[in-house]
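User: Please pick one part of this model and look at it closely. Say what surrounds that part, then set it in its wider context.

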Amino acid sequence: MKSFTYERVDTPAAATAAFARTPGARFIAGGTNLLDLMKLEIETPPHLIDVSHIALDKIEATPEGGLRIGAMVRNTDLASDARVRRDYGLLTRALVAGASGQLRNKATTAGNLLQRTRCPYFYDTNQPCNKRKPGSGCAAIGGFNRLHAVVGASEACIATHPSDMAVAMRALDATVETVDAGGKARAIPIADFYRAPAKTPHLETVLAPGELITAVTLPRPVGGTHIYHKVRDRASYAFALISVGVIVQRDGTGRVALGGVGYKPWRVEGAEAALPRGARPVVDGLLAGAKTTHENAYKLPLVERTLAGVLAQAKG
Amino acid sequence: MQTPEEYELSRRGVLVGGAASVATVALVPAVAAGAATAPAATPTTKVSFKVNGADRELDLDTRVSLLDALREHLHLTGTKKGCDHGQCGACTVIVDGRRINSCLTLAVMHDGENITTIEGLGTPDRMHAMQDAFVEHDGYQCGYCTPGQICSAVAVLDEIRAGVPSHVTADLTAAPTVTAAELRERMSGNICRCGAYSNIIDAITGVAGAKA
Ligand SMILES: Cc1cc2nc3c(=O)[nH]c(=O)nc-3n(C[C@H](O)[C@H](O)[C@H](O)COP(=O)(O)OP(=O)(O)OC[C@H]3O[C@@H](n4cnc5c(N)ncnc54)[C@H](O)[C@@H]3O)c2cc1C
Ligand code: SF4
Ligand code: FES
Ligand code: FES
């Protein structure tokens, strides 16, 4: 690991001010992704700004009838909140399908959204990777890519976003609240939060350098049956091959978001009208234009069958 | 976690990472001794926390993980280093009542906190009920994963009592219960290469039953 200096801050303003003083600095929250990458020198920040003690650790009701989840709320606490379990079950289900009990005790809401891909070539510093080293190439194209994207990928990068939580957030129409280095606040719908890889896969979100996530808000609960089905190589403590999150209403209408298929949690609102007609027509729209590799074509039928199973389960 | 292919591919990277952290430990005394060729002084930060009930104060290279602080600086070698990347659970300790992977957190981030390691749960003469149960049920073979398993198990029973749901909890609005399926799922962050899993579950079930 490269040396770095360290400071702890107590307020969002102090965090963004610290960033302005130390270019190249990074925020650290739970540290479960950033430190992993720093040990491998994939990330080499000269300065760490510890934001984990900022009092953004509350889950509050909003005047609109939704919830405002502080950026530093731990994954365990978010999954355990009685309102989340009752009204946003999909979120609890997605959270507890991710990582391990120990990791969820540290992982934060903001850090989880910003965790980086698990593409093995991104982790292996001996391999070319446009995301790690822009312009070096993509070893996954033509390499081991069983885990990689089938939608939204580019010639430069076919990585997936590994977060389970983000899939639920997408289905729930969450909004990411931030404050930038100049102190200006903004709210970004999660649908617009992640950037397509295109020619610049190292740029993963629309956040500006030094922009701090302060909260994630959820709109009013929408009711319905919430199911998160994650398919993985072992039953627990494994990243998704694919995952399907649904909210299904009594009349068969609803929402679907997918994990493990693209650079962001994948949802196509236009495809959801087909839900009462079953999985096949939904997947036709949801994965339209999918491009598979020699190793990941299995993801298309797997998504369809998983969705079919989940819809049958929702009917009871 | 990783698929086998992924593991093969990244094993080299992981080994490189491991070597780098060993070099870090070696570098600290060299800098402290004022070696003329040493690069710019390694940044250090003071940290004080309570470990197993005792106040400890350290001046650490900012890079030192909580795991290395415990093992290399405080010589509490009960906590083990398996992967150093959050993938095995051997380094599990309890911080302010919660189990975490001590390898994926910086020591300096824990100023003012309360840390319990396997040494703090009980001693050979006065074992914690969970330590006793692991002995009674033969919940290990080589023992390398055991300190992490025991710290994790103690925290798991607290989590169930506190109503933390898991992936196998059927009804999210009801309180979770102690079942073998719940324990297996909640203990999945602790890998045992010797495969002592079934005895580990028996040990935890024994402690949970005794308390109920
Ligand atoms: C072995 C293992 C298995 C895992 N399995 C899964 C899994 O199955 N599913 C899953 O979803 N995840 C999994 N994870 C990933 C885990 O969920 C993430 O590591 C975690 O959510 C990251 O949160 P953190 O708070 O620790 O982030 P950190 O590591 O602290 O930060 C991550 C990034 O976010 C930035 N950041 C943090 N807070 C802010 C903020 N407020 N504003 C702006 N930037 C910020 C940091 O600068 C950094 O770039 C796994 C991790 C490990 C190690
Ligand atoms: S898929 Fe993306 S992350 Fe993986 S090697 Fe290619 S550029 Fe890197
Ligand atoms: S050593 Fe920390 S999880 Fe393996
Ligand atoms: S007892 Fe040997 S690894 Fe678990």
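Analyst: The cover over the buried residues of α11(A) includes three strands of chain A, β9 (225-231), β10 (242-248) and β11 (254-259), and the helix α10 (279-286). Contact here means heavy atoms within 4.5 Å. Helices (H or I, at least four residues) and strands (E, at least two) are DSSP runs, numbered from the N terminus.

This is a predicted model, in which local features need pLDDT of at least 70, side-chain atom pairs count only at pLDDT 80 or more, and totals for chains, interfaces and linings use all residues. Residues are numbered from 1 along each chain as its sequence is written, chains are lettered from A and ligands numbered from 1 in the order in which they are written, and side-chain values use heavy atoms, without hydrogens or water.

Now the helix itself. Helix α11 of chain A takes in 17 residues, 299-315. At 1.5 Å a residue it should span 24 Å, and its end C-alpha atoms are 24 Å apart, so the two agree. The expected span is 1.5 Å times one less than the number of residues.

Which residues of α11(A) are buried? They are A:Lys299, A:Val303, A:Thr306, A:Leu307, A:Val310, A:Leu311 and A:Ala314. Seen down the axis of α11(A), these buried residues fall within an arc of 135°, so they line one face of the helix. The arc is that of the directions from the helix axis to the C-beta atoms. An α-helix has 3.6 residues a turn, so residues three or four places apart point the same way. Buried means under 20% relative accessible area, exposed over 50%, and partly exposed in between (1.4 Å probe, protein chains only).

The face of α11(A) turned away from the buried side carries exposed residues, A:Arg305 and A:Lys315. After α11(A) comes A:Gly316, with a positive phi near 85°.

Next, the chain around the helix. Chain A has eleven helices and eleven strands. Of its 316 residues, 59% are buried. A compact globule with 316 residues would have a radius of gyration near 20 Å; chain A has 19 Å, which agrees. That radius is taken over C-alpha atoms, and the globule rule is 2.2 Å times the number of residues to the power 0.38. Along its principal axes, the C-alpha trace of chain A spans about 55 × 50 × 30 Å. Among contacts in chain A between residues at least 6 apart in sequence, 62% join residues at least 24 apart.

One pair shows such a separation along the chain. A:Leu40 and A:Thr125 are 85 residues apart, yet their C-alpha atoms are separated by 7.8 Å. A:Leu40 sits in the loop between α2 (34-39) and β3 (47-50) of chain A. With 8% relative accessibility, A:Leu40 counts as buried.

Last, confidence and chain B. The model scores ipTM 0.97 and pTM 0.93. Chain B has a mean pLDDT of 86, and 80% of its residues reach 70 or more. pLDDT is the predictor's confidence in each residue, from 0 to 100. Over residues 1-38 of chain B, pLDDT stays under 50.

Chain B also has non-glycine residues with positive phi, among them B:His75, at about 55°. B:His75 lies in the loop between α2 (66-73) and β3 (92-95) of chain B and is exposed, at 59% relative accessible area.
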